[in-house]
Amino acid sequence: MKANNILIVAAVAATLVSCGKKGGRPTFGDNEYPVVTVGTSSAASQQTFPASIKGVQDVQISPKVSGFITRIHVKEGQAVKAGQTLFEIDNATYQAQVRQAQASVNTAQAQLNTAKLSFENSQKLYEGKVIGDFELQSATNSYESAKAALAQTQAALASAKEMLSFCYVKSPASGVVGTLPLKVGALVSAASVLTTVSNNSQMEVYFSMTEKDALEMQKSGNGLNALPAVKLQLSDGTLYDLEGKVTKMSGVIDQATGTVQMIAVFQNPQKLLKSGASGSIVIPHSNSTAIVIPQSCVSEVQNKKFVYTVGSDNKVKYTEIKVDPQNDGTNYVVTDGLKVGDKYVTNGITKLNDGMEIVQITPERYQQKIQEQAKAMSAGDIVNAMKK
């Protein structure tokens with residue numbers, strides 16, 4: 001029988017405590033309410049921003065000449081180095097142009113040799129007074145023209161060789177090959193995108209911060225240095241092992257969204273991060289002088305939050321407060337409406353009215369009175385209380 005009584009009392013005590021947590025208050029027969037003085041404590045929170053992941057250098061690979069793809073040297077996802085050949089384009093036409101340009105160089109070289117001999121012979125004849133100024137000048141002009149013609153054909157040969165080299169499409173950077181949408185035999189031009197090479201040794205994660213948050217960060221005087229190391233939440237909900245650093249901020253605000261684009265850089269030694277993937281940037285915040293109060297002592301009306309503060313005359317005042325939107329589900333971090341030294345009621349707020357005079361007790365005394373009331377209740381009172 002005693003065991004049953006103990007269980008019943010415990011159940012009642014739990015019920016009364018639960019009511020207290022929900023804003024209700026057991027009837028003590030007096031006007032006593034638990035009151036706490038506002039102090040400061042450490043609070044940790046975090047902000048989360050949708051993000052997209054890109055390689056530090058994502059280079060679209062396009063050919064500089066038109067033609068049919070004759071060979072593909074790489075596979076999707078393959079790591080390549082700068083200068084490595086990725087594709088070959090049919091080069092028969094460009095090889096013919098090189099041969100033609102080479103022939104023109106050979107012809108121009110022969111003509112130059114002839115013009116040089118004629119010029120040197122004319123110089124000797126002029127020195128012997130066999131020919132006059134006109135003949136010597138004519139030979140000189142022919143020699144200079146032959147040199148210019150050779151230079152022109154050599155430039156054409158260099159251009160032809162360069163065009164031929166464009167048939168071998170090479171990677172401009174080290175990285176990983178993306179998709180290969182075109183196959184051998186496809187006709188391509190300078191407008192065609194053959195693939196993308198992504199430098200994924202480091203990854204840039206793009207996210208947007210509100211204009212207000214960006215302005216507050218800039219007012220701190222440290223700019224991007226004011227931001228702590230950030231974390232990356234992957235698409236499966238897990239956190240990436242390495243932390244990143246915000247390194248860039250756009251100088252232009254997107255008028256459509258009112259946000260500023262930010263870029264955080266993450267090292268990617270295991271190549272786990274892929275260009276084009278999505279995730280979320282997590283920015284932690286810590287505050288060693290935060291005002292933290294339980295959510296149970298806060299009432300909400302039309303999206304506004306209120307607490308009952310207690311003045312020096314022991315009268316309560318229905319006081320609006322502002323809180324950080326980021327919370328742990330149990331407590332609020334108050335940003336406005338309360339200051340250190342203020343007093344507020346922690347339990348029984350549904351029984352209060354603005355301007356009501358109360359008797360202040362400590363939360364510990366409040367819990368003690370709950371236990372005392374539970375023990376004093378008769379069996380019939382217990383049954384009635386439980387029904388309520």
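**A walk through the predicted chain**

Of the 388 residues that make up the chain, 34% count as buried, and it should be kept in mind throughout that the model is a predicted one. The chain contains six helices and 19 strands. Its accessible surface comes to about 22600 Å², of which carbon and sulfur atoms hold 51%. When contacts with a separation of 6 or more are considered, 75% of them join residues that lie 24 or more positions apart.

Ser 52 offers an example of a residue with distant partners in sequence. Ser 52 lies in strand 2, which covers residues 41–61, and because its relative accessibility is 32%, above the 20% under which a residue is called buried and not over the 50% that marks an exposed one, Ser 52 counts as partly exposed. Once its neighbours within four places in sequence are set aside, Ser 52 is in contact with Glu 204, Val 205, Tyr 206, Ala 277 and Ser 278. Phe 207 stands 155 residues from Ser 52 in sequence, yet the two C-alpha atoms are 6.8 Å apart in space.

Ser 278 leads on to strand 13, which spans residues 278–294 and pairs with strand 10 in the antiparallel sense over four bridges. Within this pairing, Gln 233 is placed opposite Ser 280 of strand 13. Strand 10, made of residues 231–234, has side chains that alternate along its length, with Leu 232 and Leu 234 pointing to one face, where they are buried, and Lys 231 and Gln 233 pointing to the other, where they are not.

Elsewhere, four strands form an open sheet in the order 6-5-3-8, and their pairing is antiparallel. Strand 6 (168–170) and strand 8 (187–188) occupy the edges of this sheet and have a single partner strand each, so one side of each is left without a neighbour in the sheet. The partner of strand 6 in this order is strand 5, residues 85–89, and the two pair in the antiparallel sense over three bridges. Phe 87 has Val 169 of strand 6 as its bridge partner.

What of the cysteines? A disulfide is a covalent bond between the sulfur atoms of two cysteines. The structure holds zero disulfides. Cys 167 counts as buried because its relative accessibility is 0%, and Cys 297 is likewise counted as buried because its relative accessibility is 0%.

Further along the chain, Val 359 is found in strand 19, residues 359–361, and it is partly exposed because its relative accessible area is 40%. Leaving out residues up to four places away in sequence, Val 359 touches Asn 31, Glu 32 and Tyr 33. The C-alpha atoms of Val 359 and Asn 314 are 6.8 Å apart, although 45 residues separate them in sequence.

Helix 5 covers residues 363–376, and its 14 residues should span 20 Å at 1.5 Å a residue, which agrees with the 20 Å between its end C-alpha atoms. The residues Tyr 366, Lys 369, Ile 370 and Ala 374 of helix 5 are buried. Viewed down the helix axis, these buried residues fall within an arc of 135°, so they line one face of helix 5. The face turned away from that buried side carries the exposed residues Glu 364, Lys 375 and Ala 376.

Key
Residues are numbered from 1 along each chain as its sequence is written. This is a predicted model: local features need pLDDT of at least 70, side-chain atom pairs count only at pLDDT 80 or more; totals for chains, interfaces and linings use all residues. Side-chain values use heavy atoms; hydrogens and water are left out. Buried means under 20% relative accessible area, exposed over 50%, partly exposed in between (1.4 Å probe, protein chains only). Contact means heavy atoms within 4.5 Å. Two strands pair if DSSP finds at least two bridges between them. A disulfide is a pair of cysteine sulfur atoms within 2.5 Å. The expected span of a helix is 1.5 Å times one less than its number of residues. The arc is that of the directions from the helix axis to the C-beta atoms. Accessible areas come from the Shrake-Rupley method with a 1.4 Å probe; for residues, only the protein chains shown count as cover.
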